[in-house]
Amino acid sequence: MNFSRKIPVGISQCAMGDAVRFNGGHKHSKVCTELLGQCFDYVPLCPEVAIGMGVPRKPIHLLVEKDGAPVDAVRVIGVDDASVDVTAPLRDYADSVVPELQKVRGYIFMQNSPSCGLRGVRRYLANGHGIDSEGVGVFARRLQQQFPHLPMEEVGRLNNNELRENFLTRVFAYDAWFRYVESDGSEDAVAQGDEGSVDKNSGDKRPGISGRPLSFLARVIEFYTAYKYLLMAHHQDKTRALGKVLADAKSMSEAELAFEVRGRIMEILSRPASRKDKTNALMHSAGHLSEFLDKREKAELKDLIEDYRVGHKPLSAVLTLLRHYLPRSPHSFIHSQVLLAAEPAELGLCDFS
Ligand code: SF4
(Lines give C-alpha, C1' and ligand atoms only; values in the text may rest on other atoms or scores of the structure.)
Protein backbone atom coordinates (compact mmCIF):
# COMPACT_ATOMS: atom_id res chain seq x y z
CA MET A 1 0.00 0.00 0.00
CA ASN A 2 1.38 3.39 -1.00
CA PHE A 3 0.15 6.46 0.80
CA SER A 4 0.45 9.60 -1.27
CA ARG A 5 0.70 11.76 1.82
CA LYS A 6 2.41 10.50 4.96
CA ILE A 7 1.36 11.88 8.34
CA PRO A 8 4.14 13.33 10.55
CA VAL A 9 4.42 11.35 13.81
CA GLY A 10 6.99 11.68 16.62
CA ILE A 11 8.75 8.52 17.84
CA SER A 12 11.34 7.45 20.39
CA GLN A 13 14.48 7.16 18.32
CA CYS A 14 15.54 3.75 19.66
CA ALA A 15 12.35 2.26 18.12
CA MET A 16 13.65 3.23 14.68
CA GLY A 17 16.63 0.91 15.18
CA ASP A 18 19.12 3.65 16.06
CA ALA A 19 21.64 2.59 18.71
CA VAL A 20 20.88 5.36 21.21
CA ARG A 21 19.99 3.36 24.33
CA PHE A 22 22.00 3.63 27.56
CA ASN A 23 23.65 0.27 26.80
CA GLY A 24 24.57 1.18 23.23
CA GLY A 25 21.71 -0.88 21.78
CA HIS A 26 18.37 -0.14 20.14
CA LYS A 27 14.81 -1.44 20.37
CA HIS A 28 13.85 -1.59 16.72
CA SER A 29 10.13 -2.03 16.15
CA LYS A 30 9.30 -3.50 12.74
CA VAL A 31 5.64 -2.73 13.34
CA CYS A 32 6.60 0.95 13.54
CA THR A 33 9.12 1.11 10.72
CA GLU A 34 7.78 -1.44 8.21
CA LEU A 35 4.02 -1.40 8.82
CA LEU A 36 3.11 2.02 10.20
CA GLY A 37 6.03 3.57 8.30
CA GLN A 38 3.87 3.12 5.19
CA CYS A 39 1.65 5.98 6.32
CA PHE A 40 3.74 7.82 8.94
CA ASP A 41 6.60 10.23 8.29
CA TYR A 42 8.61 9.87 11.50
CA VAL A 43 10.26 12.57 13.60
CA PRO A 44 12.67 10.49 15.74
CA LEU A 45 13.94 12.02 18.99
CA CYS A 46 16.08 10.63 21.82
CA PRO A 47 15.81 13.05 24.74
CA GLU A 48 18.64 11.46 26.75
CA VAL A 49 21.11 11.76 23.88
CA ALA A 50 19.82 15.24 23.08
CA ILE A 51 20.64 16.52 26.58
CA GLY A 52 24.19 15.27 26.21
CA MET A 53 24.14 12.03 28.21
CA GLY A 54 26.04 10.17 25.48
CA VAL A 55 26.01 6.53 24.32
CA PRO A 56 26.63 4.37 26.26
CA ARG A 57 25.63 6.12 29.47
CA LYS A 58 24.91 5.27 33.09
CA PRO A 59 21.28 4.18 33.66
CA ILE A 60 18.75 6.53 35.25
CA HIS A 61 15.43 5.90 36.98
CA LEU A 62 12.44 7.69 38.53
CA LEU A 63 12.80 8.67 42.18
CA VAL A 64 9.84 9.44 44.47
CA GLU A 65 9.86 10.41 48.13
CA LYS A 66 6.99 8.16 49.17
CA ASP A 67 4.43 5.63 48.05
CA GLY A 68 1.50 7.21 46.19
CA ALA A 69 3.40 10.35 45.17
CA PRO A 70 1.70 12.33 42.34
CA VAL A 71 2.84 11.62 38.80
CA ASP A 72 4.74 14.92 38.56
CA ALA A 73 6.46 14.55 41.95
CA VAL A 74 9.35 12.61 40.47
CA ARG A 75 13.01 13.22 39.78
CA VAL A 76 15.11 11.40 37.21
CA ILE A 77 18.37 10.43 38.85
CA GLY A 78 21.33 8.15 38.24
CA VAL A 79 20.82 4.57 39.42
CA ASP A 80 24.40 4.39 40.69
CA ASP A 81 24.93 8.06 41.51
CA ALA A 82 21.96 9.94 42.99
CA SER A 83 23.75 13.26 42.53
CA VAL A 84 23.10 12.94 38.77
CA ASP A 85 19.70 14.63 38.32
CA VAL A 86 18.47 15.14 34.73
CA THR A 87 14.87 16.07 35.56
CA ALA A 88 15.13 19.73 34.55
CA PRO A 89 17.20 19.10 31.39
CA LEU A 90 14.65 16.52 30.18
CA ARG A 91 11.72 18.87 30.82
CA ASP A 92 13.55 21.79 29.23
CA TYR A 93 14.38 19.67 26.20
CA ALA A 94 10.71 18.71 25.82
CA ASP A 95 9.78 22.41 25.92
CA SER A 96 12.47 23.19 23.33
CA VAL A 97 11.07 20.72 20.76
CA VAL A 98 7.48 21.98 21.03
CA PRO A 99 7.81 24.19 17.91
CA GLU A 100 9.22 21.26 15.90
CA LEU A 101 6.41 18.99 17.11
CA GLN A 102 3.58 21.35 16.15
CA LYS A 103 3.40 19.48 12.86
CA VAL A 104 3.13 15.94 14.30
CA ARG A 105 -0.25 14.25 14.52
CA GLY A 106 0.73 11.45 16.90
CA TYR A 107 3.62 10.27 19.08
CA ILE A 108 4.96 6.76 19.69
CA PHE A 109 6.97 6.36 22.90
CA MET A 110 9.23 3.54 24.11
CA GLN A 111 7.74 1.83 27.14
CA ASN A 112 9.37 1.46 30.58
CA SER A 113 11.72 4.40 30.09
CA PRO A 114 12.14 7.09 32.79
CA SER A 115 12.24 9.58 29.91
CA CYS A 116 9.85 8.15 27.29
CA GLY A 117 7.49 5.71 29.08
CA LEU A 118 3.81 6.72 28.85
CA ARG A 119 2.50 4.57 31.68
CA GLY A 120 3.52 2.02 34.28
CA VAL A 121 7.16 3.11 34.64
CA ARG A 122 8.82 1.70 37.76
CA ARG A 123 9.45 4.27 40.54
CA TYR A 124 12.04 3.97 43.28
CA LEU A 125 12.66 5.29 46.77
CA ALA A 126 15.95 6.93 47.76
CA ASN A 127 17.11 3.63 49.29
CA GLY A 128 16.87 2.03 45.84
CA HIS A 129 13.78 -0.06 46.54
CA GLY A 130 11.14 -0.17 43.81
CA ILE A 131 7.92 1.26 45.28
CA ASP A 132 5.36 1.15 42.46
CA SER A 133 4.85 1.21 38.69
CA GLU A 134 2.80 4.40 38.52
CA GLY A 135 5.42 6.50 36.74
CA VAL A 136 5.37 8.38 33.44
CA GLY A 137 8.64 9.29 31.72
CA VAL A 138 9.51 12.94 32.33
CA PHE A 139 9.92 13.81 28.63
CA ALA A 140 6.67 12.05 27.68
CA ARG A 141 4.84 13.68 30.57
CA ARG A 142 5.92 17.16 29.50
CA LEU A 143 4.72 16.52 25.95
CA GLN A 144 1.37 15.28 27.33
CA GLN A 145 1.03 18.66 29.04
CA GLN A 146 2.12 20.62 25.97
CA PHE A 147 -0.13 18.67 23.56
CA PRO A 148 -3.07 17.50 25.67
CA HIS A 149 -5.03 16.02 22.74
CA LEU A 150 -2.18 14.58 20.66
CA PRO A 151 -2.69 10.80 20.10
CA MET A 152 0.07 8.97 21.98
CA GLU A 153 0.86 5.28 22.31
CA GLU A 154 3.69 3.01 23.39
CA VAL A 155 5.73 0.93 20.95
CA GLY A 156 4.95 -2.40 22.65
CA ARG A 157 1.19 -1.83 22.72
CA LEU A 158 1.20 -1.26 18.96
CA ASN A 159 1.90 -4.99 18.52
CA ASN A 160 -1.73 -5.49 19.52
CA ASN A 161 -4.10 -5.29 16.52
CA GLU A 162 -6.93 -3.50 18.35
CA LEU A 163 -4.68 -0.96 20.07
CA ARG A 164 -2.90 -0.30 16.78
CA GLU A 165 -6.18 0.25 14.97
CA ASN A 166 -7.33 2.61 17.70
CA PHE A 167 -4.10 4.63 17.53
CA LEU A 168 -4.40 4.87 13.74
CA THR A 169 -8.01 6.01 14.02
CA ARG A 170 -6.99 8.75 16.45
CA VAL A 171 -4.03 9.89 14.35
CA PHE A 172 -6.14 10.03 11.17
CA ALA A 173 -8.85 12.03 12.99
CA TYR A 174 -6.37 14.43 14.61
CA ASP A 175 -4.69 14.97 11.25
CA ALA A 176 -8.04 15.56 9.55
CA TRP A 177 -9.04 18.07 12.25
CA PHE A 178 -5.96 20.20 11.57
CA ARG A 179 -6.39 19.93 7.81
CA TYR A 180 -10.07 20.78 7.65
CA VAL A 181 -11.00 22.72 10.81
CA GLU A 182 -8.01 24.46 12.38
CA SER A 183 -6.47 25.07 8.99
CA ASP A 184 -5.66 28.27 7.24
CA GLY A 185 -5.94 26.49 3.92
CA SER A 186 -2.28 25.60 3.42
CA GLU A 187 -0.62 22.43 4.68
CA ASP A 188 2.65 24.24 5.37
CA ALA A 189 1.01 26.93 7.40
CA VAL A 190 -0.88 24.31 9.40
CA ALA A 191 2.40 22.55 10.09
CA GLN A 192 3.89 25.70 11.52
CA GLY A 193 0.80 26.73 13.45
CA ASP A 194 0.31 26.64 17.17
CA GLU A 195 -1.75 23.65 18.36
CA GLY A 196 -4.17 25.98 20.09
CA SER A 197 -4.47 28.45 17.25
CA VAL A 198 -7.50 28.89 15.04
CA ASP A 199 -8.46 31.31 12.31
CA LYS A 200 -7.30 34.77 13.08
CA ASN A 201 -10.05 36.22 10.94
CA SER A 202 -13.33 34.65 11.91
CA GLY A 203 -15.00 36.07 8.81
CA ASP A 204 -12.77 34.03 6.52
CA LYS A 205 -14.27 31.07 4.78
CA ARG A 206 -11.93 28.16 4.23
CA PRO A 207 -12.35 24.68 2.79
CA GLY A 208 -13.93 22.22 5.20
CA ILE A 209 -13.89 18.45 5.03
CA SER A 210 -16.17 18.59 1.95
CA GLY A 211 -13.89 21.07 0.19
CA ARG A 212 -16.57 23.80 0.29
CA PRO A 213 -15.57 27.20 1.74
CA LEU A 214 -17.09 27.48 5.21
CA SER A 215 -16.91 29.67 8.32
CA PHE A 216 -15.03 28.27 11.31
CA LEU A 217 -18.19 27.17 13.14
CA ALA A 218 -19.58 25.58 9.98
CA ARG A 219 -16.32 23.63 9.54
CA VAL A 220 -16.53 22.33 13.12
CA ILE A 221 -20.13 21.23 12.64
CA GLU A 222 -19.35 19.64 9.28
CA PHE A 223 -16.43 17.73 10.86
CA TYR A 224 -18.60 16.49 13.72
CA THR A 225 -21.32 15.47 11.26
CA ALA A 226 -18.87 13.46 9.14
CA TYR A 227 -17.43 11.75 12.21
CA LYS A 228 -20.78 11.24 13.95
CA TYR A 229 -21.24 7.51 13.36
CA LEU A 230 -17.57 6.73 13.92
CA LEU A 231 -17.76 8.62 17.24
CA MET A 232 -20.95 6.76 18.13
CA ALA A 233 -19.13 3.49 17.53
CA HIS A 234 -16.72 4.53 20.29
CA HIS A 235 -19.02 6.18 22.85
CA GLN A 236 -22.69 6.95 22.20
CA ASP A 237 -23.41 9.09 25.29
CA LYS A 238 -20.33 11.28 24.87
CA THR A 239 -21.09 11.72 21.17
CA ARG A 240 -24.59 12.98 22.01
CA ALA A 241 -23.11 15.28 24.69
CA LEU A 242 -20.76 16.72 22.08
CA GLY A 243 -23.75 17.39 19.83
CA LYS A 244 -25.29 19.45 22.67
CA VAL A 245 -22.05 21.45 23.06
CA LEU A 246 -22.24 22.31 19.36
CA ALA A 247 -25.84 23.41 19.69
CA ASP A 248 -24.66 26.11 22.14
CA ALA A 249 -21.43 26.85 20.31
CA LYS A 250 -22.31 30.40 19.26
CA SER A 251 -21.55 31.70 22.76
CA MET A 252 -17.96 30.34 22.63
CA SER A 253 -14.92 31.98 21.11
CA GLU A 254 -13.27 30.12 18.24
CA ALA A 255 -10.29 29.19 20.42
CA GLU A 256 -12.55 27.84 23.19
CA LEU A 257 -14.66 25.91 20.72
CA ALA A 258 -11.65 24.42 18.93
CA PHE A 259 -10.08 23.26 22.21
CA GLU A 260 -13.35 21.88 23.57
CA VAL A 261 -14.46 19.99 20.48
CA ARG A 262 -11.00 18.69 19.58
CA GLY A 263 -10.53 17.45 23.15
CA ARG A 264 -13.92 15.73 23.27
CA ILE A 265 -13.42 14.04 19.88
CA MET A 266 -10.00 12.69 20.88
CA GLU A 267 -11.34 11.51 24.25
CA ILE A 268 -14.23 9.66 22.58
CA LEU A 269 -11.93 8.00 20.03
CA SER A 270 -9.45 6.95 22.73
CA ARG A 271 -12.05 4.46 23.95
CA PRO A 272 -11.77 1.37 21.76
CA ALA A 273 -14.91 0.81 19.70
CA SER A 274 -16.85 -2.21 20.96
CA ARG A 275 -18.51 -4.63 18.56
CA LYS A 276 -21.85 -3.71 20.15
CA ASP A 277 -21.42 0.02 19.55
CA LYS A 278 -20.02 -0.56 16.07
CA THR A 279 -23.08 -2.71 15.29
CA ASN A 280 -25.32 0.11 16.47
CA ALA A 281 -23.54 2.63 14.22
CA LEU A 282 -23.75 0.22 11.26
CA MET A 283 -27.50 -0.20 11.81
CA HIS A 284 -27.92 3.59 11.84
CA SER A 285 -25.99 3.73 8.55
CA ALA A 286 -28.13 0.93 7.07
CA GLY A 287 -31.24 2.84 8.16
CA HIS A 288 -30.25 5.73 5.89
CA LEU A 289 -30.09 3.38 2.92
CA SER A 290 -33.09 1.16 3.57
CA GLU A 291 -35.55 3.26 1.53
CA PHE A 292 -33.37 2.60 -1.52
CA LEU A 293 -33.21 -1.20 -1.05
CA ASP A 294 -35.69 -3.88 -2.00
CA LYS A 295 -36.95 -6.45 0.48
CA ARG A 296 -34.26 -9.04 -0.32
CA GLU A 297 -31.42 -6.50 -0.14
CA LYS A 298 -32.67 -5.15 3.19
CA ALA A 299 -32.83 -8.67 4.64
CA GLU A 300 -29.34 -9.51 3.34
CA LEU A 301 -27.86 -6.36 4.89
CA LYS A 302 -29.65 -6.95 8.19
CA ASP A 303 -28.41 -10.56 8.32
CA LEU A 304 -24.85 -9.47 7.54
CA ILE A 305 -24.85 -6.89 10.35
CA GLU A 306 -26.17 -9.58 12.70
CA ASP A 307 -23.40 -11.94 11.54
CA TYR A 308 -20.90 -9.19 12.35
CA ARG A 309 -22.49 -8.60 15.77
CA VAL A 310 -22.05 -12.24 16.77
CA GLY A 311 -18.52 -12.38 15.37
CA HIS A 312 -19.19 -14.55 12.29
CA LYS A 313 -18.30 -11.88 9.71
CA PRO A 314 -15.65 -9.14 9.69
CA LEU A 315 -16.49 -5.45 9.76
CA SER A 316 -15.05 -5.07 6.26
CA ALA A 317 -17.82 -7.35 4.86
CA VAL A 318 -20.53 -5.04 6.20
CA LEU A 319 -18.71 -1.89 5.07
CA THR A 320 -18.28 -3.32 1.58
CA LEU A 321 -22.01 -3.97 1.22
CA LEU A 322 -22.96 -0.57 2.68
CA ARG A 323 -20.60 1.13 0.24
CA HIS A 324 -22.11 -0.89 -2.61
CA TYR A 325 -25.54 0.59 -1.85
CA LEU A 326 -24.27 4.08 -0.97
CA PRO A 327 -24.54 5.59 -4.49
CA ARG A 328 -28.31 4.97 -4.42
CA SER A 329 -28.77 7.61 -1.71
CA PRO A 330 -28.79 11.28 -2.74
CA HIS A 331 -28.26 12.40 0.88
CA SER A 332 -24.91 14.00 1.67
CA PHE A 333 -25.05 13.04 5.38
CA ILE A 334 -24.55 9.33 4.75
CA HIS A 335 -22.04 9.93 1.96
CA SER A 336 -19.91 12.03 4.33
CA GLN A 337 -19.63 9.39 7.08
CA VAL A 338 -16.00 8.60 7.92
CA LEU A 339 -17.21 5.31 9.42
CA LEU A 340 -17.92 4.11 5.88
CA ALA A 341 -14.54 5.21 4.51
CA ALA A 342 -11.59 2.82 4.34
CA GLU A 343 -10.61 1.79 7.84
CA PRO A 344 -7.04 0.96 8.99
CA ALA A 345 -7.58 -2.80 8.65
CA GLU A 346 -8.68 -2.41 5.05
CA LEU A 347 -5.66 -0.24 4.34
CA GLY A 348 -3.50 -3.18 5.35
CA LEU A 349 -2.28 -1.44 8.50
CA CYS A 350 -3.55 -3.87 11.08
CA ASP A 351 -2.12 -7.23 10.13
CA PHE A 352 1.58 -7.81 10.45
CA SER A 353 3.26 -11.14 10.07
S1 SF4 B 1 13.58 5.28 25.41
FE2 SF4 B 1 13.76 7.43 24.84
S3 SF4 B 1 15.52 8.16 25.98
FE4 SF4 B 1 15.64 5.93 26.01
S5 SF4 B 1 16.92 5.40 24.23
FE6 SF4 B 1 14.80 5.36 23.54
S7 SF4 B 1 14.47 7.40 22.70
FE8 SF4 B 1 16.30 7.52 23.97
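Begin with the ligand: the space it takes is the second largest pocket. The model is predicted, and every stop below refers to that predicted structure.

**The ligand and its shell**

Select the 13 residues around the ligand; among them, Gln13, Cys14, Cys46, Glu48 and Cys116 come nearest. Colouring this shell by residue class gives 7 nonpolar, 3 polar and 3 charged residues.

**The sheet with order 2-1-5-8**

Next, display the strands as a cartoon and pick out strands 2, 1, 5 and 8. In that order these 4 strands form an open sheet, and their pairing is parallel. At its edges are strand 2, residues 40-45, and strand 8, residues 152-154, each of which pairs on one side only. From one strand to the next, the twist averages 25°.

For a closer view, select strand 5 at residues 107-109 together with strand 8; the two run parallel and are joined by 3 bridges. One residue pair to label here is phenylalanine 109 and its bridge partner in strand 8, glutamate 154.

**A loop residue with positive phi**

Move on to the loop between strand 5 and strand 6, where asparagine 112 is found. Which sign does the phi of asparagine 112 have? The angle is positive, at about 65°, although the residue is not a glycine. As background, most residues other than glycine have a negative phi.

**A cis peptide bond**

The loop between helix 2 (47-50) and strand 3 is the next selection, and proline 56 is found there. Show the backbone atoms of valine 55 and proline 56: the peptide bond that joins them is cis, with omega of about -10°. In general, most peptide bonds are trans.

**The sheet with order 4-3-6-7**

Now select strands 4, 3, 6 and 7. They make up an open sheet of 4 strands in the order 4-3-6-7, and the pairing is mixed. Strand 4 (75-78) and strand 7 (130-135) are the edge strands, each pairing on one side only. The twist in this sheet averages 50° from one strand to the next.

In which sense do strand 3 and strand 6 pair, parallel or antiparallel? Strand 3, residues 60-63, and strand 6, residues 121-124, pair in the parallel sense over 2 bridges. Label leucine 62 to locate one such contact, since its bridge partner in strand 6 is arginine 123.

Strand 6 pairs with strand 7 in the antiparallel sense, over 3 bridges. Here tyrosine 124 has glycine 130 of strand 7 as its bridge partner. The two strands form a hairpin with 5 residues between them. Within the turn, select glycine 128, whose phi is positive at about 90°.

**The annotated domain**

Finally, select residues 228-342, where the UniProt record, an unreviewed entry, places the feature "domain: DUF1722". What are the helix and strand percentages over residues 228-342? The chain in this range is 70% helix and 0% strand. A distance drawn between the C-alpha atoms at the two ends of the range reads 16 Å.

Conventions. Residues are numbered from 1 along each chain as its sequence is written. This is a predicted model: local features need pLDDT of at least 70, side-chain atom pairs count only at pLDDT 80 or more; totals for chains, interfaces and linings use all residues. Side-chain values use heavy atoms; hydrogens and water are left out. Two strands pair if DSSP finds at least two bridges between them. Axes are lines fitted to C-alpha atoms, for helices over the stretch in contact, and angles run from 0 to 180 degrees between N-to-C directions. A residue is near a molecule or strand if one of its heavy atoms lies within 4 Å of it. On a 1 Å grid over the protein atoms alone, a cavity is a set of points where a 1.4 Å probe fits but cannot get out, and a pocket is an open set with protein on both sides within 12 Å along at least five of seven lines; lining residues have an atom within 4 Å of a point. A molecule sits in a cavity or pocket if more than half of its atoms lie within 2 Å of its grid points. Ala, Val, Leu, Ile, Met, Phe, Trp, Tyr, Cys and Pro count as nonpolar, Asp, Glu, Lys and Arg as charged, and the others, Gly among them, as polar. UniProt positions are given in the numbering used here, feature names are shortened, and annotations may be inferred rather than shown by experiment.
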